[in-house]
Amino acid sequence: MKQIRIATRKSPLALWQTEHVATLLRAAHPGIEVSLVPMSTRGDDVLDRSLAAIGGKGLFLKELELAMLRGEADCAVHSLKDVPMELDAPFALSAILERADPADAFISNLHASLDALPQGARVGTSSLRRQAQLRARRPDLQLLDLRGNVNTRLAKLDAGDYDAIVLACAGLQRLGFHDRIGVRLAAPDWLPAPAQGAIALECRTEDRELHELLMALDHGPTRLCVEAERAMNLALHGSCHVPVAAQAELRGDSLVLDGLVGSAAEGRVVRARVEGSPGSHLDLGRTLAQDLLALGAGEFL
């Protein structure tokens, strides 16, 4: 194989992630030319409505998958949290890179923390998962929609449209906005989206040679953790229409998996934790889903 063409969204974060992957691929396979194929997706173009309202996170994938089917690109780079739990038949995730910080970030120019926000403060986020956890902790807050890329969201905060916003730490760090992170909202008190902070490489299942080349970037421990989180989400039939959160962590010889399902409207949440052998990570994810359902999560689903 002489060249690898990578389909990517055009947002600054997507381009950063794809350039990062391209650099790693060039280092792993000297002599192979790696190029980017930037594309617009419906998820990027429609910004006046929430993702749940226009069809979910799969919108970020469709155009990139079509480019692969048309032969315009060989593989695609995604934020794994945006990838549906089950891929369409001709596609597979060849590599999952080592995960960055999975936590969310509280960002405000005026207030030091979530608890320091005044009564009725305006907080921007379009994520139902974040809304459910915000309402559970601060039912008085006014939660407002916030779409667009990282730079756009920060600009809206700086313009005074919000008192605070919540974004992923990983995206901020990748774009050089480390200093904007006010407080890390971290597990177990606050849970991220399943697979948040992980980058995935997708290609056609029949493209065995490319699959082997991409596998050089796969990070085993990250794959174990995010697959456990995604197994939980799949068993719950989770999507961006439902506030589902999860984080798995390898601790010594065991894998610890925390999960949460909530109601964005009411701020009620149910939480559970399972622990077991890393070798049974998918079973742990499914077990956690059953535990959450037993605690009443079905009401929110």
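**Exercise 1.** In this predicted model, find which residue of β8 stands opposite Ile-107, and then work out how β5 pairs with its partner strands.

*Solution.* Begin with Ile-107 itself, which stands opposite Ile-165 in β8. Next, look at the two strands as a whole: β5 and β8, the latter spanning residues 164-168, pair in the antiparallel sense over four bridges. Then turn to strand β9 (residues 183-185), which is joined to β5 by three bridges and also runs antiparallel to it; here Arg-184 is the bridge partner of Ala-105.

**Exercise 2.** Determine which way the side chains of β5 point, and whether they are buried or exposed.

*Solution.* Recall that in a regular strand the side chains alternate between the two faces of the sheet. In β5 (residues 104-107), Asp-104 and Phe-106 point one way, whereas Ala-105 and Ile-107 point the other way. For the second part, apply the cut-off that a buried residue has under 20% relative accessible area: all four of these β5 residues are buried.

**Exercise 3.** Describe the sheet that contains β11, β12 and β13, and locate the helices that lie across it.

*Solution.* First establish the order, which is β11-β12-β13 in an open, antiparallel sheet of three strands. The edge strands are therefore β11 (244-251) and β13 (269-276), because each pairs on one side only. Neighbouring strands are turned by 10° against each other on average, direction ignored. Now examine one pairing: eight bridges join β11 to β12 (residues 254-262), and Leu-250 stands opposite Leu-255 in β12. Finally, add the helices: α9 (residues 220-235) lies across β11 and β12 at about 145° to β11, while α10 (residues 281-294) lies across β12 and β13 at about 150° to β13.

How values were computed
Residues numbered from 1 in each chain as written. Predicted model: local features only at pLDDT ≥ 70, side-chain atom pairs only at ≥ 80, totals over all residues. Heavy atoms only, no water. Pairing = 2+ DSSP bridges. Axes fitted to C-alpha atoms, helices over the stretch in contact; angles between N-to-C directions. Contact = heavy atoms within 4.5 Å. Buried < 20%, exposed > 50% of the residue type's maximum accessible area, 1.4 Å probe, protein only.
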